[in-house]
Amino acid sequence: MRARIGVAMGTYWGGIVYAIDVIAAIGALGAIGGLPALLGALTKYTRFAMRWLPGRHSRAAGACAGLRRPFPIAFLLTCATLLTLQACAPLALRQATSSAQGEAPNAIRTLGPDQRFSTLSAESVARRVHALHGGQRLNILALSGGGADGAFGAGALVGLTHSASRPQFSLVTGVSAGALIAPYAFLGSAWDEQLVEVYTSGRAEHLLQSRGIGALFGSSVYRGAPLKELVDRYATDALIQAVAHEAATGRLLLVATTDVSTGEPVVWDLGSIAMNGGPGARALFRDVLVASASVPGMFPPVVIRVQEQQALYEEVHVDGTIALPFFVPLAFVEPPRDAVDPAHGAAVYIIIDGRLSEQPAAIRLRTRSILSRSVSAGLNHMLRTNLELTATNAELEGAQLQYAAIPVAYPQLNPFDFRTATMRSLFRYGYECAQAGRLWTSLRNVGSDGGKRLGAAASQSTPCPVDDEYNARLVSR
């Protein structure tokens, strides 16, 4: 009898463990951003199933009879988990048949007046931009992903306005949360009021709406409608027209997504969409922003119809951070051939909506904790590597590079904490540090700032980014 009980329990737990192993393996390779939430949902329904386990019975026969109920539940749970993985595939994908396949990260997808997309090299676009600027230095701003931590970047931009130190950027690039901020950074201080509302009004607090049991059969743990509605609310016709007006002057607004079918980043010229998109410009503009911020596994992917040459096809896109933490196309950093002073390249500014390192923490020896921490560490290493490469390229091209990231000492940072009080606090932190002139760490001044580090802004208990030793040491290694 004990052997029968042992076999039954082994089969039951084997089903549970196998289900979680499948989720963990696939999640680690694909749905990186949404893995913790996905495992959380699985755990929730596993616990529900566990309630069916019988209590201890005094008779062995009673125990054996009780085990007949949980086994089918374990089997169904395992099958449901496998169906979850299967459900992601049919949504996506029609195989792309255009030149979109094999695009390099520095290729730019541009919408022409005929409302057809073409893929241009960053070099050709940079030559055009340099020509329009008469060989003058370009100001470039890159905004990283970070979820709710985007409040830091938004606050920093408004603080730069109030300190009269915010340049007009010739090129603005954004990924994920940075993509949502990018249009306001592109349009300048006249749109600060709308940017403040996005991150302090509390409308983002309801972004994470669980799909419940539907998460097991769909493509995400959370509903996509709240994110789409939030972006749609602020991507107004007036904003689209303003972007089109600025793009017509030769300035660029670029946003990156990740193409699910190829696994490669796609860089969209949102200015060309605003100018040439016609009646559908607003919807396409919104869909690209939503796709760039749709963390796989957490939010559903976004299907975007692409007309290119003679082909009309559908692509499925998710969070750009999967492929690019942030991006600064090298072609724009290089000084033009007719530069007034070739020794001085572009001025590059990078706002990282997150930390460059994690605080040491005790981790429970559980699948969810270990995977969550490992994925977080991997993303941080990718972010730092990208920053170091960008800094190296900037130095080689004679460019000035300044960057800002949230210090490790900032308390209770969570990219999926969309509570209003938390986001307002982080917005205010970024604002105050920027207003006090404590935002940027300069590549050329690292290690030789001559006493520049005098302390944080007066009202800050947490050091400002420029006062963080790790941030300053990173690109000087």
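Contact here means heavy atoms within 4.5 Å. With that in hand, let's walk through this predicted model, starting from one serine and working outwards.

**S294 and its surroundings**

S294 sits in the loop that joins helix 12 (281–292) to strand 7 (302–308). Is S294 buried or exposed? Its relative accessibility is 1%, so S294 counts as buried; the cut-off for that class is under 20%. Once the neighbours within four places in sequence are set aside, S294 is in contact with L227, F299, P300, V302, V318 and D319. The side chain of S294 also reaches back to the backbone oxygen of V290, at 2.6 Å.

**From F299 to the aromatic pairs**

F299, one of the contacts of S294, leads to the rings. The structure holds six aromatic pairs. One of them joins Y222 and F299 in a tilted arrangement, with 6.4 Å from centre to centre and 45 degrees between the planes. This pair links distant parts of the chain: Y222 belongs to the loop between helix 8 (192–200) and helix 9, F299 belongs to the loop between helix 12 and strand 7, and 77 residues separate them. Y222 and F299 are both buried. Elsewhere, ring pairs link F152, Y410 and Y429 into a cluster.

**Helices 7 and 10**

Helix 10 spans residues 237–247, and its buried residues are L239, I240, A242, V243, A244, E246 and A247. What covers the buried residues of helix 10? The cover includes helix 7 (177–187), helix 9 (225–234), strand 5 (252–259), helix 11 (270–276) and helix 12.

Helix 7, part of that cover, is itself mostly covered, with 10 of its 11 residues buried. The buried residues are A177, G178, A179, I181, A182, P183, Y184, A185, F186 and L187. Just after helix 7 comes G188, which has a positive phi, near 95 degrees.

**Salt bridges**

Side chains of opposite charge can pair when their charged atoms come close. The structure holds 11 salt bridges, and the table gives three of them, including the distance between N and O atoms.

| Acidic residue | Basic residue | N to O distance |
|---|---|---|
| E197 | R203 | 3.9 Å |
| D287 | R286 | 3.0 Å |
| D417 | R419 | 2.8 Å |

How do the partners stand with respect to the surface? E197 counts as partly exposed because its relative accessibility is 31%. R203 is partly exposed as well, with a relative accessible area of 38%. D287 and R286, by contrast, are both buried. D417 has 12% relative accessibility and therefore counts as buried.

The D287 and R286 bridge also belongs to a wider arrangement: D232, D237, R282, R286 and D287 are linked in a network of salt bridges. Among these, D237 falls within helix 10, which runs over residues 237–247, while R282, R286 and D287 fall within helix 12 (281–292).

**At the surface**

Some nonpolar side chains are found on the outside. Which residues form a nonpolar patch on the surface? I363, L365 and I370 do, and together they have about 290 Å² of accessible area. L365 lies in the loop between strand 9 (347–352) and helix 14 (367–396). With a relative accessible area of 70%, L365 is exposed, since that class begins over 50%.

A131 offers another exposed position, this time in helix 5 (residues 122–132). Why does A131 count as exposed? Its relative accessibility is 58%, and exposed means over 50%. A131 and P336 are 205 residues apart in sequence, yet their C-alpha atoms are 8.5 Å apart in space.

**The chain as a whole**

Finally, here is the overall picture. The chain has 16 helices and 11 strands. Of its 477 residues, 52% count as buried. Among the contacts in the chain with a separation of 6 or more, 76% are between residues 24 or more positions apart. The chain exposes about 21400 Å², and carbon and sulfur atoms supply 55% of that area.

Methods
Residues numbered from 1 in each chain as written. Predicted model: local features only at pLDDT ≥ 70, side-chain atom pairs only at ≥ 80, totals over all residues. Heavy atoms only, no water. Helix = DSSP H or I, 4+ residues; strand = E, 2+ residues; numbered from the N terminus. Buried < 20%, exposed > 50% of the residue type's maximum accessible area, 1.4 Å probe, protein only. Polar contact = N/O pair within 3.5 Å; in protein donor to acceptor, adjacent residues only side chain to side chain. Patch = residues over 30% accessible without salt bridge, like charges linked within 9 Å, V, L, I, M, F, W, Y side chains within 5 Å. Areas by Shrake-Rupley, 256 points an atom, 1.4 Å probe, with all protein chains shown as cover. Salt bridge = Lys/Arg side-chain N within 4 Å of Asp/Glu carboxyl O. Phe/Tyr/Trp six-rings, centres within 6.5 Å; stacked < 30°, edge-to-face > 60°.
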